[in-house]
2 protein chains.
Amino acid sequence: MSATESPSPSAHATASATAPGVARRLLALNLVRLRAQRGWSQEALAHESGLHRTFIAHVERQVRNASIDNVERLANALGVSVAVMFQPPPDPPAG
Amino acid sequence: MSATESPSPSAHATASATAPGVARRLLALNLVRLRAQRGWSQEALAHESGLHRTFIAHVERQVRNASIDNVERLANALGVSVAVMFQPPPDPPAG
DNA sequence: TTGTAGACTAGCGTCGACA
DNA sequence: CTGTCGACGCTAGTCTACA
């Protein structure tokens with residue numbers, strides 16, 4: 001592991017990188033969207049994911065930063081992959 | 001919001017769904033892979049992501065369940081999207 | 001049905017040190 | 001350079017209750 005060959009990797013903040021909070025937003029957006037597609041209520045999703053109702057509400061409002069373990073549980077309840085939870089919206093409303 | 005139209009959505013545990021812990025594993029796998037591609041050490045990635053060295057080590061060993069905010073920071077440091085962190089491996093060595 | 005507040009527990013995430 | 005233990009602060013996550 002000769003990482004010493006690695007030159008100075010920038011500083012520690014790549015401006016071109018993703019903006020902070022996008023993950024939380026994407027998660028919330030996809031969460032509401034997917035949940036609406038199932039026609040489930042927050043309570044239903046909470047039951048399916050085995051989490052609490054208040055927690056689901058907070059995640060959708062982006063007032064809470066969920067952990068991987070729970071994000072996976074949410075995706076699992078929605079029948080989707082964990083990766084799609086952070087996927088950008090399918091496409092904007094064209095009409 | 002007439003979620004009442006939604007009948008019994010299974011029970012609460014879809015066996016066909018993703019197995020528990022895949023997210024943690026995928027994150028660890030991609031983390032090591034991406035980090036190796038950059039030729040960075042755990043310490044370097046820790047510096048880039050603004051996180052602690054011990055935390056990076058734990059995540060790679062799957063002994064820790066990181067939160068979205070930190071996963072995004074990791075992906076950010078690696079210059080990739082948060083979704084790719086949970087993406088399955090490209091493909092195994094065919095040789 | 002959903003949002004929010006308050007209190008509580010469990011675990012995340014940091015730091016320092018050693019193998 | 002990397003893995004791991006001990007201690008500590010902070011907040012994720014739960015539960016109850018009200019608007």
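This passage describes the fold of chain A and the protein surfaces that face DNA strands C and D in a predicted model.

In this predicted model, local features require pLDDT of at least 70 and side-chain atom pairs pLDDT 80 or more, whereas totals for chains, interfaces and linings use all residues. Residues are numbered from 1 along each chain as its sequence is written, chains are lettered from A and ligands numbered from 1 in the order in which they are written, and side-chain values use heavy atoms, with hydrogens and water left out.

Chain A contains four helices and zero strands, and its elements follow the order α-α-α-α from the N terminus. Helices (H or I, at least four residues) and strands (E, at least two) are DSSP runs numbered from the N terminus. Of the 95 residues in chain A, 39% are buried; buried denotes under 20% relative accessible area, exposed over 50%, and partly exposed the range in between (1.4 Å probe, protein chains only). Among contacts in chain A with a separation of 6 or more, 56% link residues 24 or more positions apart, a contact being heavy atoms within 4.5 Å. The accessible surface of chain A is about 5500 Å², and carbon and sulfur atoms contribute 53% of that area. Accessible areas were computed by the Shrake-Rupley method with a 1.4 Å probe; for residues, only the protein chains shown count as cover.

DNA strand C is surrounded by 20 residues, of which A:R35, A:Q42, A:R53, B:S67 and B:N70 come nearest. A residue is near a strand if one of its heavy atoms lies within 4 Å of it. Sugar or phosphate makes up 63% of the atoms of DNA strand C within 4 Å of the protein, and bases make up the rest. The surface near DNA strand C receives at least two residues from each of α2 (42–49) and α3 (53–60) of chain A and α3 (53–60) of chain B, with the largest share, four residues, coming from α3(A). By class, this surface comprises five nonpolar, ten polar and five charged residues. Here Ala, Val, Leu, Ile, Met, Phe, Trp, Tyr, Cys and Pro count as nonpolar, Asp, Glu, Lys and Arg as charged, and the others, Gly among them, as polar.

Both phosphate and base atoms of DNA strand C take part in polar atom pairs with the protein. A polar side-chain atom of A:R35 is placed 2.9 Å from a phosphate oxygen, and one of A:R53 is placed 2.6 Å from a base nitrogen. A polar backbone atom of B:N65 lies 3.5 Å from a phosphate oxygen of the strand. A:R35 belongs to helix α1 (residues 22–38) of chain A and is buried, with a relative accessible area of 13%. The side chains of A:R35 and A:E60 are joined by a polar contact of 2.7 Å, that is, a pair of N or O atoms within 3.5 Å; within protein, one must be able to donate a hydrogen and the other to accept it, and residues adjacent in sequence count only if both atoms are side-chain atoms.

Around DNA strand D there are 19 residues, the closest being A:S67, A:N70, B:Q42, B:E43 and B:R53. Of the atoms of this strand that come within 4 Å of the protein, 62% belong to sugar and phosphate. Helix α3(B) gives the most to the surface near DNA strand D, with four residues. Phosphate oxygens of DNA strand D lie 2.5 Å from a polar side-chain atom of A:N70 and 2.4 Å from one of B:Q42.
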